[in-house]
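Here are my notes on this one, mostly about confidence, internal cavities and cysteines. Have the model open while you read.

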Amino acid sequence: MESYGGRVPFVGRTAELRALDVALDGGGSAVVDLTGDPGTGKSRLLAEFGVRARARGAVVLGGRATEAGRRHAFQPFADAFADLGSLGHARTGALPPEVLPPEVLGEPSARERFAVCRETAAALARLPRLPRTAPGPVLVLDDLHWADGASLELLDHLVRHPVPPPFLLVVARRPRQTPPALASALARGDMTGAVTRIALGPLTRRDCIAGLAGGLPPERAGRIHEEAEGNPLYVLALLDAAAREEGEGLLAGPLGLVLDELAPLSPHERGVVEAVAVLGEHAGTDLLAAVTEGGPGAGIGTGGGAPWLGAALAEAVRRDLVRTDGRGRRLAPRHPLVGRAVRAAMDPWRRQDLHRRAADELARAGAPLVDQAHHIERSLTRWDPEAAGTLASAAEQTAGSAPALAARWLDVVLGVLPDVPEHRGIRCELMLQRARALGAAGEVRESRDLLHRLLALRDTGPGPGADGVRASALVLCAFMERHLGRYPEAGALLQREVDRRPGPPPERRLALVVEWGNHALFATRFPEVREELARTLAGARERGDEPGTAELLTLAAMGEAYEGATETARGHATEAAALTDVMTDGALVRQGESLVRLGWSEVFLDRYADAERHAGRGVDVTRRTGRPFALSQLLLCAAYTHCVTGRVTSAVALADEAVAAARTLGGGELLGFTRAIRSMILMQSRPPGDPEVRAAAEEAVATVEGEGGFEAGHEGGWWTTLARCMAAYAVLGASGPGGAGDPGRAREMLLRAGGGPALPRVQPSVRPNFLELLVTASLATGASDEAERAAALAAEEAERLGLPTQRGAALRARGLVAAARGGPEGAAEAARAFAGAARESAASGAALREAQSLLLGAPYARAAGDAERAAAMWRRGHQLATAGGARLLAGLAAHTRTAALGADASGTAGGRLAELTRREREIAGLVAEGLTNQAVAEKLCLSTRTVESHVARVYRKTGVSSRAALATLVAVTSPADTYR
């Protein structure tokens, strides 16, 4: 909205400003009551309204009540009428200042107030419009919650005896600080119609971002809006603080106005406000009494608290610096930023003392450790074993749900822990605990660095539990190195430990071997650990260690699936699933990574239903227990299975959540892999050539190429290669005819990632899938010989794997090559290949690939002379694509429709139904089932007349004239399986 003045922009408030304009034009009550919390923009709205009213020729008189002015009778009125002299007699018509009672001009008097009220109202009624076409005069009184008693009497009179139009009185106030007399007078006026109420709430997110924070990224501006709770003053304060030099703080900007509200308070009242601000969400009357002068066990109203406390708290509430719940037990600053401002204005030693008293009282009352930790963190300045133990225990409790907070608490403990030999053991344990929390919070490099320091400290001398701490730290350090793509460093750590003699006990060795196997797998060196993995697996089985056995089996299954040893991988995955399925959720908490491996193994083995089941259970468990590394990968696994099985819309939602989770974890390889798969899924959900798909693919490429966090000199491993190949899908834009994208760039990406035309670096068990993509890109760029070789290699690889999905990819590659040759023989071979690909895809449940195969093959089936089969293929493919939200394939269906159904497709039965809207097709199907128009209406929650209109349009579009003919048309065009 256009601003009419003021340094602060005028934002939003369109409806409120319109209501004031209506009142100005005489279309409302004689009095407008504008209410809102401090900072919501009442004064800014009044200023904007005043500018607009003056621009239309209205006389606008403005006054403001102040707390200091309450000593003077009629102070806000006198402030407003002081403008009369500057306006001049010509501007105010027959009402020079001397016509008003001297009392409302600020002169002292002993006259009866009722007479003053009557004379003032009469004088205001004589204030004319100048010119006659202008709106009536306006009296604006701001901050009326501070008004003196005489002003309240005059306002009550003006509400009970409103000045006739066109005069308008506008008052603004804070509702929680409004005196009862003023509140009741305005309430009576509201009931009689003399008063119109306008309540200012928070700004909308949209208005805040557009009007106040337009220069910030929308996500950051949204966070500021949320933190400020939509209050314009607090939004401006946060924006100002963000723009200032570090250390200047909130009080250097707009929020410094809070200090003006603290100034009139007595020491006791200010102490109460400060205590409530420090206590935060734990502030209650009992705790407040305990941390002030009352001591332990004191309470307000119990006789044990300080005698001044109740009165001081009541005054803080009256001033709306402190708010309370309905029962008066919970206390809080009126806004979190007010609490921050109060804390910032306090002496630091007073803050520490209040926090220390709060921690002591919470401990005495048996409060949860997390509640105590909040205050211990802010008051612990020297070594205190009991307080430090509480803080460490609270960190352990919150590590899953709030890892950054846990890491901060542990840092406080480590900061005061004496650096002496007798504390080395506890220091190492706390460092390990903090490293775990840092990793879960996404501070992977900081976690890795802390673990290296811990390992160096641990190596300087033994202590209680030294081997256990060292082994755990080493495994975790290798995990962090792997997450950062530093495979050589992770491998060196693990190899040295595996070769160490005497080695760790079996349980610790198992964890070491699992991480070593993970490292080898992601570094594409799985064969190197097969033998050690088999030995460790045999030992776990012999010991009856079922969780350990399951972990090793999922690792073996994923490794063998990667290498293309399909039958071996199936056996491991089947056994691992059997062990995993009987575990309780509690037992699965530590099996997050194992569930990731199991889910992806099942994806690679075409067991999509099992993969979805295990990934879904893993998401539930890891989400509840705070396992972010596993959660992000399980979400991605679930997204991929949804996409492949034809549920593209839900796949996009899961992929978005997976990216959000991966982004917080700090590792470039995981984020790049996740973004690449998301770009591939997003591609399926959008029409061909959608620019957002290309942008998502480029973002994924930038991440895997190093911008997203790979450390210098490290190319990454398995996930990096897969991520580059997946991104190539999205860069291409679509597979097959009708695709919009950049085939040259996609081909270049594939050849670089895969290590050449045979794609030797690509995971063997999915290589046919990417060879098919290479065939598509090669044909589009004219490299037909390369496409021929890639298709032949895809067939060879798929036959060796024995996986339906990969056989389907090889058959599509063959079909693309045959189609490119042209001629009747090429069309016939292409039709057979695509139909075979559809059968293979259907056998594995890969509905998306089935739809793709059918839509690619339908035109060639018709070209080969089988029109009926072509129509059936096209209809089935179109149905699968539209049902699952696969808009890319829906676009392919539109592109191939004429080629599959014939130039006169609209005249065929299938073509005639294809002309119908979704609702019309739905109604046609129900009519074909024999339902009456009324029955259809009831089933679809429509009116009978609406159904009748739809049926009439169906008749017109399809050319039928009866319900029986429509039923026949629907019956003969039902999707058939004649392509099988």
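1. First, the yardstick: pLDDT is the predictor's confidence in each residue, on a scale from 0 to 100. What we have here is a predicted model, and its protein chain has a mean pLDDT of 86, with 89% of the residues at 70 or more.

2. Two stretches need a caution flag. Over residues 1–6 the pLDDT stays under 50, and the model gives that stretch 14 contacts beyond four places in sequence. Residues 295–299 also stay under 50, with 14 contacts beyond four places in sequence. Where pLDDT is low, predicted coordinates should not be read in detail, so I'd leave those contacts out of any close reading.

3. On to the cavities: counting those of 30 Å³ or more gives 2. The largest has a volume of about 200 Å³, while the second largest holds about 100 Å³ of space.

4. Who surrounds the largest cavity? There are 18 lining residues, and Val603, Tyr640, Val766, Asn769 and Gln806 are the ones nearest its centre. By class, the lining splits into 12 nonpolar, 4 polar and 2 charged residues.

5. Several helices share the job of lining that largest cavity. At least two residues each come from H30 (592–604), H32 (628–644), H34 (668–685), H36 (718–732), H38 (767–780) and H40 (804–821). H30 gives the most, with 3 residues.

6. The second largest cavity is lined by Phe479, Arg482, His483, Tyr487, Phe522, Phe629, Gln633, Glu669, Leu670 and Trp719. Helix H23 (466–483), H32 and H34 are the elements that put two or more residues into this lining. H23 has the largest share, at 3 residues. Sorted by class, the lining has 6 nonpolar, 2 polar and 2 charged residues. If you want to look at both cavities from one place, try H32 or H34: these helices each supply at least two residues to the lining of the largest cavity, and they give two or more to the second largest as well.

7. Last, the cysteines. How many disulfides does a search of the whole structure find? The count is 0. A disulfide is a covalent bond between the sulfur atoms of two cysteines, and no such pair turns up here. As for where individual cysteines sit, cysteine 208 has a relative accessible area of 0%, so it is buried. Cysteine 725 is also at 0% relative accessibility and therefore counts as buried; the cut-off for that label is under 20%.

Note on methods. Residues are numbered from 1 along each chain as its sequence is written. This is a predicted model: local features need pLDDT of at least 70, side-chain atom pairs count only at pLDDT 80 or more; totals for chains, interfaces and linings use all residues. Side-chain values use heavy atoms; hydrogens and water are left out. On a 1 Å grid over the protein atoms alone, a cavity is a set of points where a 1.4 Å probe fits but cannot get out, and a pocket is an open set with protein on both sides within 12 Å along at least five of seven lines; lining residues have an atom within 4 Å of a point. Grid points are joined across faces, edges and corners, and a volume is the space filled by probe spheres set on the points. Helices (H or I, at least four residues) and strands (E, at least two) are DSSP runs, numbered from the N terminus. Ala, Val, Leu, Ile, Met, Phe, Trp, Tyr, Cys and Pro count as nonpolar, Asp, Glu, Lys and Arg as charged, and the others, Gly among them, as polar. Contact means heavy atoms within 4.5 Å. A disulfide is a pair of cysteine sulfur atoms within 2.5 Å. Buried means under 20% relative accessible area, exposed over 50%, partly exposed in between (1.4 Å probe, protein chains only).
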